[in-house]
Amino acid sequence: MVESREIPVTIRIKAIRDGTPGIILAIQDEVIGEWTDSKAMSLILTDKYGIGICDRYGSQQYMLALPGTPLRGEKLSDTEVTVVVRIKRA
């Protein structure tokens with residue numbers, strides 16, 4: 001039987017654990033991923049709930065791909081977005 005779960009993933013631009021500017025991925029308050037990115041200044045949320053990482057001029061530098069199927073999302077601020085994804089597991 002295949003089960004699925006809906007999981008909210010929050011993406012933030014802020015200082016990562018070593019103090020450098022970067023991107024943080026979290027489920028609730030647990031960090032599940034982070035990387036340094038000193039050029040990231042804002043996030044965009046696309047119509048299909050993709051997350052664009054933008055520089056200080058607002059130009060999209062790259063898209064962030066999350067696992068699963070995105071169901072809905074919300075832009076909480078210029079530097080924080082939450083996307084709910086459906087993850088299937090056997």
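**Briefing: D55, the nonpolar core and the strand pairings**

Leaving aside residues up to four places away in sequence, D55 touches K39, M41, S42 and Q61. The model described here is a predicted one, and D55 is placed by it in the loop between β5 and β6 (60-64). The points below begin with this loop residue and then take up the core, the pairing of strands, the salt bridges and residue L71.

**The loop residue D55**

- D55 is buried and yet has no salt bridge, the nearest side chain of opposite charge being that of R56, which is 7.0 Å away.
- A salt bridge is counted here when a side-chain nitrogen of Lys or Arg is within 4 Å of a carboxyl oxygen of Asp or Glu, and R56, at 7.0 Å, leaves D55 without one.
- The side chain of D55 does, however, reach the backbone nitrogen of Y57, at 2.9 Å.

**The nonpolar core**

- The largest nonpolar core has 15 residues, and those with the most contacts inside it are I11, I23, L43, I51 and L66.
- Two or more residues of this core are given by each of the elements β1 (3-15), β2 (21-27), β5 (51-54) and β8 (80-89), and the largest share, four residues, comes from β1.
- Apart from its neighbours within four places in sequence, I11 is in contact with I23, I24, L25, L43, I51, L64, L66, T79, E80 and V81.
- As general background, nonpolar side chains in soluble globular proteins tend to be buried together.

**Pairing of strands around β8**

- Strands β1 and β8 run antiparallel and are joined by 10 bridges, and within this pairing the bridge partner of R12 in β8 is E80.
- Strand β7 (residues 69-77) also pairs with β8 in the antiparallel sense, over seven bridges, with R72 standing opposite V84 of β8.
- The connection from β7 to β8 is a hairpin that passes through two residues.

**Salt bridges**

- A search of the whole structure finds six salt bridges, among them one between E6 and R72, whose closest N and O atoms are 3.2 Å apart.
- Because E6 lies in strand β1 and R72 in strand β7, this pair ties together parts that are 66 residues apart in sequence.
- Both residues of that pair are partly exposed, E6 with a relative accessible area of 43% and R72 with one of 42%.
- E6 and R72 are also linked with R86 in a network of salt bridges.
- R12 forms a salt bridge with E80, in which the closest N and O atoms are 3.1 Å apart; since R12 lies in strand β1 and E80 in strand β8, the pair ties together parts that are 68 residues apart in sequence.
- R12 is partly exposed, with a relative accessible area of 21%, and E80 likewise counts as partly exposed, at 22% relative accessibility.
- A further salt bridge joins D78 to K75, with the closest N and O atoms 3.7 Å apart; D78 counts as exposed at 51% relative accessibility, whereas K75 counts as partly exposed at 39%.

**Residue L71 in strand β7**

- L71 lies in strand β7 and counts as partly exposed, because its relative accessibility is 24% and the partly exposed class runs between the 20% and 50% limits.
- Not counting neighbours within four places in sequence, L71 is in contact with E6, Y49, V84, V85 and R86.
- The C-alpha atoms of L71 and I7 are separated by 9.7 Å, although these two residues are 64 residues apart along the chain.

Note on methods: Residues numbered from 1 in each chain as written. Predicted model: local features only at pLDDT ≥ 70, side-chain atom pairs only at ≥ 80, totals over all residues. Heavy atoms only, no water. Core = buried A, V, L, I, M, F, W, Y, C linked by side-chain atoms within 4.5 Å. Buried < 20%, exposed > 50% of the residue type's maximum accessible area, 1.4 Å probe, protein only. Contact = heavy atoms within 4.5 Å. Pairing = 2+ DSSP bridges. Lys, Arg positive; Asp, Glu negative; His and termini not counted. Polar contact = N/O pair within 3.5 Å; in protein donor to acceptor, adjacent residues only side chain to side chain.
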